[in-house]
Structure formats: C-alpha cells, structure tokens
Amino acid sequence: MKKVILLGDEAIAQGAIDAGMSGIFAYPGTPSTEITEFVQQSKEAKEKGIRSKWSANEKTAYEAALGMSYAGKRTMCCMKHVGVNVAADAYVNSGITGVNGGFIFVAADDPSMHSSQNEQDSRFYAKFALLPVLEPSNQQEAYDMVRYGYELSERTKLPVMLRITTRLAHSRSGVVRKEGLAQNGLKLPENANQFVLLPAVARRNYNQLIGKQADLEKAGMESGFNQYIDGDDKSLGIIASGIAYNYLMENFKDEKCPYPVLKISQYPLPTQWIAKLVDSCEKILVLEEGMPVIEEQLRGILNRDVKVLGRLDGALNRAGELNPNLVAKALGKKDTCGVPIPELVTPRPPKLCDGCPHIDSYNALNEALQPYGKGRVFSDIGCYTLGFLPPYYAIYSCVDMGASVTMAKGAADAGLVPAVAVIGDSTFTHSGITGLLDCVNDKAPVTIIILDNETTAMTGGQSSSAQGKIERICEGLGVEKEHIRIVKPLRKNHEEMVKIMAEELAYDGVSVIIPRRECIQTLNKRMREKFAEKK
C-alpha cells in the first residue's frame with residue numbers, strides 16, 4: 001500500500017485505475033479536467049488499455065460511458081456542473097435503465113463561480129433522478145469512494161454520482177493506494193429488456209428504482225462514509241456534508257467538537273440519524289458546500305418544532321464557498337478573518353493573450369460591423385468571451401455552450417439583421433452544429449464565425465473534436481460552399497478579412513466564416529517541445 005500526494009481530481013482518477021476501470025469519458029471543464037488528463041498521462045492506464053480520449057460534449061460522453069457499462073465494464077464519466085445540464089437527459093434516464101458494469105458519474109461543482117457562469121448544485125439532479133451520491137470530505141475519501149462506488153453501482157445496478165467541489169478537486173493531500181483490481185470481462189445484461197425504455201418497460205423499471213430507495217439509505221448508514229458522532233453539548237446539533245466537514249473540524253482543537261455531529265458523505269440522506277440529531281438537540285446548524293440541498297429537505301421532512309440554521313436563515317452566506325472562518329461565525333465563535341488585505345496593486349482583468357488569433361478576428365469584425373451599429377454579436381463560452389472586455393467591446397451575450405448560434409438565429413428571426421454568432425471550434429462541435437442546422441433549414445440571415453484555434457484552449461489545450469472537419473461539417477449541414485469562407489487572422493490580412501466579413505454580413509442567408517490560426521499558447525508549447533527534442 002503506497003502513499004502518494006494527489007489532487008482530489010487525481011485521487012479520483014487513480015482510484016478508478018486501481019478499481020478496474022476500463023474507460024473514462026469526458027468533456028474538459030474546470031474543476032473536472034484534471035481527472036481525465038491524469039488518466040491520459042498515466043503509464044499504468046496505458047498499459048491496462050484504459051480508453052481516455054475526449055468526447056464531443058458531455059451528453060455524448062455520458063451515453064458512451066453507459067454503453068461501456070452495458071457491455072459489463074467499469075466506466076467513469078466526468079464533467080463540471082454546467083455540463084450536467086447537457087448530460088441530464090441521459091443521466092436521469094440511466095436511473096431507469098439501470099447499469100450493468102459499475103458506473104461512476106463525477107460531477108464537479110464550482111461554488112463562487114471561479115470559472116463558471118453559475119454555481120448550481122449537482123445534488124439536486126441526483127435527488128430528482130432518485131440516484132445515490134457520494135460526496136468526499138478529503139482526498140483519501142475521494143480515492144476510496146471510487147472503489148466503493150463501483151461496488152455499490154454493481155450491487156444496486158444504478159449509476160453513482162461522485163460529487164466534488166473546486167477546493168477538493170484542486171487541493172492536495174496524502175492518499176494511500178490499494179491493490180489494483182482486474183478489469184471486468186465483457187458481459188451483456190442478464191435482462192435483455194433492461195435498456196429499452198418503451199413505456200411498459202420504463203414503468204416497471206421506475207417502480208423498481210423507487211423500491212431501491214430504502215436500501216440506498218441503508219447502504220449509506222453502513223458504508224462508514226456517513227457517521228453520527230455524539231457530543232455532550234446538546235444546545236446545538238451539526239450536519240456537515242462533504243468538504244464542509246473539514247471546515248468544521250478546523251475550528252476545534254484536536255478535532256474534538258463538543259456538539260453532536262452528523263457527517264454526511266453519502267445520499268440519500270440518513271433520515272433515521274437526522275431524526276435522532278433533531279430530537280436530542282435544541283437547534284440544528286447545516287454546513288454544506290453549494291446550495292441548501294440538505295437544509296431544504298431537513299425543513300421539509302421532519303415536521304418537528306426545531307430551529308434550523310444554515311444558508312436559508314442567514315447563519316451562512318447564501319452564495320459562494322464556505323471556509324473555516326464562515327463556519328466559525330455560524331458557530332458563534334470569534335471572527336478570525338482579520339482585516340481585509342489592502343489593494344496595493346490595481347487588479348489586472350483577464351485579457352486575450354498577446355498574439356492570440358482572436359484579436360485580429362475581433363478587430364476585423366468590429367470594422368465590418370460599423371455600418372450596422374452595435375449589439376449584433378452573440379458569443380459563446382471560451383477564450384473569445386474576453387472579446388467583451390476593452391479594447392474590443394465586440395460581443396453582447398454569453399449564456400451557455402452553443403447559445404451563440406441559436407440566439408443569433410432568434411434575433412434574426414425578430415428582424416435584427418445582420419446577426420452574428422461567434423463560437424469556438426471545440427464549442428461548435430460540442431453544441432453549435434444543431435443550431436447551425438436550424439439556421440440552414442430556416443434560411444436565416446445569420447453569419448456564423450467559427451474561431452478555429454485548433455484546440456480547446458480555455459481548459460488547457462486539449463484536442464478539439466473539430467480538428468480538420470469544420471468546412472465539411474458545415475457543407476454537410478447544407479451551408480452553400482461559396483459562403484463558407486476561410487481566413488487567416490493576422491494583422492497583415494486585416495483588409496482582406498474586413499472585406500470578406502462585409503460580404504457575408506450583406507448576404508441574405510446563412511454564411512460561415514472560419515478564421516483559422518493555431519492558439520499562441522499551444523504553438524509556443526509545441527515549439528518548446530520541438531526545440532527540446534533537437535537538444
């Protein structure tokens with residue numbers, strides 16, 4: 001048994017490798033990206049033949065993972081919380097189909113929105129889908145939960161969500177590894193109808209899913225991840241889930257809390273222990289990272305006259321991350337945060353990298369749009385979203401993956417012509433293709449600018465599913481070949497780019513412009529590696 005220092009993400013990846021995983025399916029998104037990257041870079045994973053390439057989007061990743069589970073193998077699917085929205089159709093229905101080989105679904109939430117457009121809580125999805133959740137409080141639990149999760153998945157025939165948050169994903173700790181397990185062999189489902197969700201089958205499977213809830217709750221009380229820790233001071237009872245349990249313990253010397261504590265790291269909630277805590281304490285403090293998932297259920301399921309403290313009553317902040325100091329204040333302890341750190345240096349806003357191809361694209365687009373006025377450019381999620389900032393002021397929306405194309409179409413349908421969509425190459429294959437098909441079918445007067453920097457740049461330079469295929473995809477969708485224009489975004493080509501953009505903005509139909517130049521960061525990395533090889 002070897003002890004290694006790992007990020008939470010890396011602990012999950014290593015735990016999966018050691019637990020006999022045969023494949024991992026994912027789309028990059030912080031704070032989940034490092035899980036798949038660890039597997040991709042692992043010599044051990046390569047030797048074991050573990051499949052680890054990126055998927056086009058989160059939905060395709062989840063469905064491919066479900067297919068591997070169908071074949072009897074242990075599989076993992078990873079994404080950030082907003083990606084769960086994309087995969088939700090498959091995720092919710094997989095609770096009704098059930099699984100065959102063990103299936104771990106990692107949902108990485110981002111409280112405080114460090115790199116996200118919202119801070120939704122993936123536990124709501126699991127509750128809605130009636131599926132079990134594991135929520136580690138430290139890196140060792142993250143590692144251990146993967147193996148346990150596969151066992152639970154195969155025992156219950158259900159996918160198991162492993163919910164983590166940014167701080168656990170991106171902090172390091174010592175992790176003791178266990179002996180590796182062999183991968184499962186191919187084995188088809190014993191019930192040939194299991195995955196066929198015709199209404200007659202789905203109704204039966206759904207009733208079976210409902211019938212498993214008591215067993216799932218019992219499993220959480222027996223696994224050891226949920227713990228009832230009694231205390232002498234019954235003036236307060238504390239429910240702490242996931243990493244919030246660590247924040248609680250940091251407030252007490254030798255981690256000896258005087259109050260009764262219910263540590264929750266496995267769902268459904270252990271209602272028996274919750275009732276015991278509530279009946280023995282004067283009031284309850286709920287500590288959970290993210291939204292008040294436990295607190296809302298606590299207020300709803302107990303029908304007892306008890307004071308509940310938490311995010312809903314103001315004892316804790318409603319939005320953003322928890323930390324030990326916020327927990328201390330909720331406990332009535334002294335605020336140890338100290339005085340705010342003075343701003344000695346003016347904060348520097350993010351910006352496009354020097355030499356970024358998007359700079360030349362935005363400069364040309366702004367000039368081409370001058371005759372039409374502002375407010376016509378709908379953007380997507382990627383590095384190019386920084387076109388919102390000075391000196392460009394080039395874009396006017398950023399909602400979700402793929403929304404640039406469909407919002408531009410809707411604006412054009414409303415009479416805002418020309419309307420422009422700006423989308424990256426990876427985001428185009430993630431969620432932009434279907435929107436472009438709608439544009440073609442309606443002959444919408446829109447100009448789609450696919451900024452092709454030949455990588456998934458914002459999340460670290462992962463491979464793009466669009467590599468070498470964009471023109472053929474657009475032509476296959478029905479965009480007229482003469483209105484698929486490729487330009488090289490360089491300052492010396494500025495006049496040519498403005499001319500091409502102006503022509504397509506004036507066209508009464510669907511046009512696609514592809515500014516193509518490699519991301520400056522991946523280019524520099526490639527050149528450094530090439531130079532190192534020569535030395």
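**Helices 16 and 17.** I began with helix 16 (residues 403-413) and helix 17, whose axes come within 8 Å and cross at roughly 25 degrees in this predicted model. Angles under 35 degrees count as roughly parallel, and I therefore noted helix 16 as roughly parallel to helix 17. Looking up who meets whom, I found Val405, Thr406, Lys409 and Asp413 on the side of helix 16, and Gly432, Gly435, Leu436, Asp438, Cys439 and Asp442 on the side of helix 17. Sorted by class, this contact has three nonpolar, three polar and four charged residues.

**Helices 17 and 18.** I then followed helix 17 (residues 425-442) to helix 18 (residues 470-477), and found that their axes come within 10 Å and cross at roughly 20 degrees. That makes helix 17 roughly parallel to helix 18, and I recorded the crossing of the two as right-handed. Helix 17 makes this contact through Asp425, Phe428, Thr429, Ile433, Leu436, Leu437 and Val440, while helix 18 brings Ile470, Ile473, Cys474 and Leu477. Here the residues divide into nine nonpolar, one polar and one charged.

**Phe428.** I picked out Phe428 of helix 17 for a separate look, and noted that it is buried, with a relative accessible area of 0%. Apart from its neighbours within four places in sequence, Phe428 is in contact with Ile423, Ile433, Leu436, Ile450, Ile470, Ile473 and Cys474. I also checked its backbone against that of Gly402, which is 26 residues apart from Phe428 along the chain, and found their C-alpha atoms separated by 6.7 Å.

**Helix 10.** Which residues of helix 10 (residues 213-222) are buried? I listed Gln213, Leu216, Glu217, Ala219 and Gly220, and seen down the helix axis these fall within an arc of 155 degrees, so they line one face of helix 10. In general, an α-helix has 3.6 residues a turn, so residues three or four places apart point the same way. On the other side of helix 10 I found Ala214, Asp215 and Glu222 exposed. The buried residues of helix 10 pack against helix 7 (139-156), helix 9 (199-211), strand 11 (266-267) and helix 12 (271-280). Just after helix 10 comes Gly224, for which I noted a positive phi of about 95 degrees.

**Helix 1.** For helix 1 (residues 8-18) I found 11 of the 11 residues buried, so this helix is largely enclosed by the rest of the structure. The buried residues include the charged Asp9, Glu10 and Asp18. Gly20, which follows helix 1, has a positive phi near 90 degrees.

**Cis peptide bonds.** I looked up two cis peptide bonds that precede prolines. One joins Thr30 and Pro31, with omega about 15 degrees, and Pro31 lies in the loop between strand 2 (21-26) and helix 2 (33-41). Another joins Tyr267 and Pro268, with omega about 10 degrees, and Pro268 lies in the loop between strand 11 and helix 12.

**Positive phi outside glycine.** Where does Met113 lie? I placed it in the loop between strand 4 (103-109) and helix 6 (123-129), and noted that Met113 has a positive phi of about 50 degrees although it is not a glycine. Met113 is partly exposed, with a relative accessible area of 39%. Leu130 is likewise not a glycine and has a positive phi of about 65 degrees; I found Leu130 in the loop between helix 6 and strand 5 (133-134), partly exposed at a relative accessible area of 23%.

Methods. Residues numbered from 1 in each chain as written. Predicted model: local features only at pLDDT ≥ 70, side-chain atom pairs only at ≥ 80, totals over all residues. Heavy atoms only, no water. Axes fitted to C-alpha atoms, helices over the stretch in contact; angles between N-to-C directions. Helix = DSSP H or I, 4+ residues; strand = E, 2+ residues; numbered from the N terminus. Parallel < 35°, antiparallel > 145°, perpendicular 65-115°, else oblique. Left-handed = near helix turned anticlockwise from the far one by under 90°. Contact = heavy atoms within 4.5 Å. Buried < 20%, exposed > 50% of the residue type's maximum accessible area, 1.4 Å probe, protein only. Arc of directions from axis to C-beta.
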